[in-house]
Amino acid sequence: MKVLIATEKPFAPAAVEGIRKEIEGAGHQLALLEKYTDKAQLLSAVADADALIIRSDKVDAEVLDAAKQLKIVVRAGAGYDNIDLAAATAHNVIAEN
């Protein structure tokens, strides 16, 4: 399984290393897309991701269309206002907080 951390505003390095330890320790792959400036970068990075961890980044129908394997989006922060829940449901993607 490939887990993508996609954040325009990066997590603290210690947080990323903690996530990496857990993901890779479970035998999965971690990919990191930080400080991206163009949505096309996100669309490309999410194409083969099974799970997506975001902060305030927008996950809309276009992102979900590009993410053919995506099963779950986890938002680190409060609320779901940056995730299109109807589009996630239509794509059978779970949204967690």
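Asn92 counts as exposed, because its relative accessibility is 67% and the cut-off for that word is over 50%. I should say straight away that this is a predicted model, so please hear everything that follows as a description of a prediction. Asn92 has its place in the loop between helix H4, residues 85-90, and strand E5, residues 94-96. Its backbone deserves a look too, since Asn92 has a positive phi of about 60 degrees although it is not a glycine.

Another residue with a backbone angle to note is Lys35, which is not a glycine either and yet has a positive phi of about 55 degrees. Lys35 lies in the loop between E2 and H2, and with a relative accessible area of 60% it is exposed.

Let me now go to the beginning of the chain, to strand E1. How many of the residues of E1 are buried? The count is 6 of 6, and E1 is therefore described as mostly covered, with buried meaning under 20% relative accessible area. If you follow the side chains along the strand, you will find Lys2, Leu4 and Ala6 pointing one way, while Val3, Ile5 and Thr7 point the other way, and all of them are buried.

E1 has strand partners, and I will take them in turn. With strand E2, residues 29-34, E1 pairs in the parallel sense over 6 bridges, and within that pairing the bridge partner of Lys2 in E2 is Gln29. To get from E1 to E2 the chain passes through H1, and this β-α-β crossover is right-handed. With E3, E1 also pairs in the parallel sense, here over 3 bridges, and the bridge partner of Ile5 in E3 is Ile53.

Thr7 lies in strand E1, and its relative accessible area is 0%, so Thr7 is buried. Which residues does Thr7 touch, once we leave aside its neighbours within four places in sequence? Its contacts are Leu33, Glu34, Lys35, Tyr36, Ile53, Ile54, Arg55 and Asp57.

One step further along we reach Glu8, which is found in the loop between strand E1, residues 2-7, and helix H1, residues 13-25. Glu8 is partly exposed, because its relative accessibility is 43%. Leaving aside neighbours within four places in sequence once more, Glu8 is in contact with Lys35, Tyr36 and Asp57. For Asp57 we can add a distance: Glu8 and Asp57 are 49 residues apart along the chain, and their C-alpha atoms are separated by 6.7 Å.

I turn next to charged side chains. Side chains of opposite charge can pair when their charged atoms come close. In this model the count comes to 7 salt bridges, and I will show some of them.

In one of these, the side chains of Asp48 and Lys2 meet with 2.7 Å from N to O. Why does this pair tie together separate parts of the chain? Asp48 lies in the loop between helix H2, residues 39-45, and strand E3, residues 51-54, whereas Lys2 lies in strand E1, so the pair joins parts that are 46 residues apart in sequence. Asp48 is partly exposed, with a relative accessible area of 36%, whereas Lys2 is buried, with 14%.

A salt bridge within a helix is that of Glu24 and Arg20, whose side chains meet at 3.3 Å, N to O. Because Glu24 and Arg20 are 4 residues apart in helix H1, about one helical turn separates them. Glu24 is partly exposed, with a relative accessible area of 40%, and Arg20 is partly exposed as well, with 22%. These residues also belong to a network, in which salt bridges link Glu17, Arg20 and Glu24.

The next example is the salt bridge between Asp81 and Arg75, where the closest N and O atoms are 4.0 Å apart. Is each of these residues buried or exposed? Asp81 is exposed, with a relative accessible area of 69%, while Arg75, at 9% relative accessibility, counts as buried.

Finally, a word about rings. The count of aromatic pairs comes to 0. There is, however, a charge placed over a ring: Arg55 lies over the face of Phe11, at 5.4 Å from the ring centre.

How values were computed
Residues numbered from 1 in each chain as written. Predicted model: local features only at pLDDT ≥ 70, side-chain atom pairs only at ≥ 80, totals over all residues. Heavy atoms only, no water. Helix = DSSP H or I, 4+ residues; strand = E, 2+ residues; numbered from the N terminus. Buried < 20%, exposed > 50% of the residue type's maximum accessible area, 1.4 Å probe, protein only. Contact = heavy atoms within 4.5 Å. Pairing = 2+ DSSP bridges. Right-handed = clockwise from strand over helix to strand, strands pointing away. Phe/Tyr/Trp six-rings, centres within 6.5 Å; stacked < 30°, edge-to-face > 60°. Lys NZ or Arg CZ within 6 Å of the ring centre and 35° of its normal.
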